[in-house]
Each structure stands twice: as structure tokens, then as C-alpha cells.
Amino acid sequence: VDLLGRAGRLTEAEDLIQTIQPNVIAWMSLLTACRTYGNVELGRRCFDQVIQLDPTHASGYVLMSNIYADA
């Protein structure tokens, strides 16, 4: 997921997460890539998944805030 995200292949990274057992680390990796590439829509979907899995994961809130600030 991280390698696909770093390469800008965000949709493929999301598809990969859907095929494996989702976890916070995978979604956070994709959320970080969304910030890098300015993809607000996918970033919001990733953020929703992170919060669903662990609502106390503070870095998810920070990253989403930064995505909105950069948009």
C-alpha cells in the first residue's frame, strides 16, 4: 500500500486494502499519500476507515486536517 501510494497510484492502493484485512496502518499509509497528492475525496474515505477502526488514533485527525488545509 505504501509503495503504491508513494508512486501516486492511489486507486490501486485502495483496491489492495479492500482485498486484504483492513487495518489502521494500511489506511494511514494511504491517507498520507492522499495528503502528498492532494486527493481530498479519497483522503476522507481513508479517514473514515481509520476512525472506524480506532477512533483514538490522533494522527488520523491531524492528517485529515492538513489535507483540508492544503486544499
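In this predicted model, the buried residues of helix α3 are covered by elements that include α1 (2–6), α2 (10–19), α4 (40–53) and α5 (58–70). The residues of α3 that are buried in this way are Val24, Ala26, Trp27, Met28, Ser29, Leu30, Leu31, Ala33 and Cys34. In general, an α-helix has 3.6 residues a turn, so residues three or four places apart point the same way.

Helix α3 comprises 14 residues (residues 24–37), which at 1.5 Å a residue should span 20 Å, and the end C-alpha atoms are indeed 20 Å apart, in agreement with that expectation. At the start of α3, a side-chain oxygen of asparagine 23 comes to within 3.1 Å of the backbone nitrogen of isoleucine 25, whereas the residue that follows the helix is glycine 38, with a positive phi near 70 degrees.

Two of the helices that cover α3, α4 and α5, are also linked to each other by an aromatic contact. The structure holds 1 aromatic pair, formed by phenylalanine 47 and tyrosine 61 in an edge-to-face arrangement, with 5.4 Å from centre to centre and 80 degrees between the planes. This pair links distant parts of the chain, since phenylalanine 47 lies in helix α4 and tyrosine 61 in helix α5, 14 residues apart. As regards solvent accessibility, phenylalanine 47 has a relative accessible area of 10% and is therefore buried, the cut-off being under 20%, while tyrosine 61, at a relative accessible area of 40%, is partly exposed because this value lies between 20% and 50%.

Conventions. Residues numbered from 1 in each chain as written. Heavy atoms only, no water. Helix = DSSP H or I, 4+ residues; strand = E, 2+ residues; numbered from the N terminus. Expected span 1.5 Å × (residues − 1). Buried < 20%, exposed > 50% of the residue type's maximum accessible area, 1.4 Å probe, protein only. Contact = heavy atoms within 4.5 Å. Polar contact = N/O pair within 3.5 Å; in protein donor to acceptor, adjacent residues only side chain to side chain. Phe/Tyr/Trp six-rings, centres within 6.5 Å; stacked < 30°, edge-to-face > 60°.
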